[in-house]
Amino acid sequence: MKVPSAVGLCLLLAFSGNAFADKFSRALKQLKGFTVIDITSVDGEFNGCESDRRVKLSNGMVLKCQGYSYTYSYSPDAVVFAKTFKYQNNSFAEIKLLIEGEVFDMGMELFKQ
């Protein structure tokens with residue numbers, strides 16, 4: 001799946017309805033400083049997030065929800081974002097998942113270098 005350019009995103013916002021533009025703008029603000037890790041889809045049903053619920057993705061990743069938000073869709077596209085940082089010689093990644101214009105917090109992960 002091709003990620004749209006900045007110009008394409010601006011045109012999309014300019015010619016779309018206000019509700020979509022507002023939702024898109026809120027999502028972008030939540031993702032400032034994050035990097036796209038993968039573009040995939042949810043493997044099967046997606047019922048939103050509930051603390052500690054696991055979301056299996058088609059690429060084999062399994063992410064754990066932090067927080068609550070209900071939505072339903074079957075095998076929706078998903079974009080995985082991460083922001084890494086170090087603390088006391090350990091590396092961490094904050095993970096977020098973008099599904100149908102909504103950003104879901106997937107928590108922090110400790111990873112070895």
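What share of the contacts between residues at least 6 apart in the protein chain join residues at least 24 apart? I began with this point and noted 45%. The model I am reading is a predicted one, and I keep that in mind for every entry below.

**Entry 1. Overall layout**

I listed the elements of the protein chain and found two helices and eight strands. Read from the N terminus, their order is α-α-β-β-β-β-β-β-β-β. I then looked up burial: of the 113 residues in the protein chain, 32% are buried. For the accessible surface of the protein chain I recorded about 7,600 Å², with 54% of that belonging to carbon and sulfur atoms.

**Entry 2. Strand pairing around β6**

I turned next to strand β6, residues 77-87. Strand β6 runs antiparallel to β1, and six bridges join the two. On its pairing with strand β7 (residues 90-99), I counted nine bridges, again in an antiparallel arrangement. I noted two facing pairs between β6 and β7: F85 is opposite F92, and V80 is opposite L97.

**Entry 3. T40**

I chose T40 as a residue to follow within β1, which spans residues 35-41. Is T40 buried or exposed? I entered it as buried, because its relative accessible area is 12% and the limit for that class is under 20%. Across the strand pair, T40 faces A78 of β6. Setting aside the neighbours within four places in sequence, I found T40 in contact with L57, S58, N59, D77, A78 and V80. With N59 I noted a specific approach: a polar atom of the T40 side chain lies 3.3 Å from the backbone nitrogen of N59.

**Entry 4. The β6-β7 turn**

I examined the hairpin that β6 and β7 form, which has two residues between the strands. Q88 lies in this loop, as does N89. What is the sign of phi at Q88? I recorded a positive value, near 50°, in a residue that is not glycine. N89 is likewise not a glycine, and its phi is positive at about 60°. I marked both for attention because most residues other than glycine have a negative phi.

I also checked the accessibility of the turn. Q88 counts as exposed because its relative accessibility is 61%, and N89 counts as exposed because its value is 79%. The side chain of Q88 makes a polar contact of 3.3 Å with the side chain of Y87.

**Entry 5. A tyrosine patch**

I looked for nonpolar surface and found a patch formed by Y68, Y70, Y72 and Y74. Together these residues have about 570 Å² of accessible area. I followed Y72, which sits in the loop between β4 (62-64) and β5 (73-74). I classed Y72 as partly exposed, because its relative accessibility is 41%.

**Entry 6. Salt bridges**

How many salt bridges does the count give? I entered four. Side chains of opposite charge can pair when their charged atoms come close.

The side chains of D43 and K56 form one such bridge, at 3.6 Å from N to O. This pair links distant parts of the chain, 13 residues apart: D43 is in the loop between β1 and β2 (45-46), and K56 is in strand β3 (residues 54-56). I noted D43 as partly exposed at 43% relative accessible area, and K56 as partly exposed at 46%.

For E50 and R53, I recorded a side-chain salt bridge of 3.4 Å, N to O. E50 is partly exposed, with a relative accessible area of 41%; R53 is also partly exposed, at 29%.

For K96 and D105, the N to O distance in the salt bridge is 2.4 Å. Salt bridges with shared partners join E94, K96 and D105 into one network. Is K96 buried or exposed? I classed K96 as buried because its relative accessibility is 9%, whereas D105 is partly exposed at 35%.

Terms used:
Residues numbered from 1 in each chain as written. Predicted model: local features only at pLDDT ≥ 70, side-chain atom pairs only at ≥ 80, totals over all residues. Heavy atoms only, no water. Helix = DSSP H or I, 4+ residues; strand = E, 2+ residues; numbered from the N terminus. Buried < 20%, exposed > 50% of the residue type's maximum accessible area, 1.4 Å probe, protein only. Polar contact = N/O pair within 3.5 Å; in protein donor to acceptor, adjacent residues only side chain to side chain. Contact = heavy atoms within 4.5 Å. Areas by Shrake-Rupley, 256 points an atom, 1.4 Å probe, with all protein chains shown as cover. Patch = residues over 30% accessible without salt bridge, like charges linked within 9 Å, V, L, I, M, F, W, Y side chains within 5 Å. Pairing = 2+ DSSP bridges.
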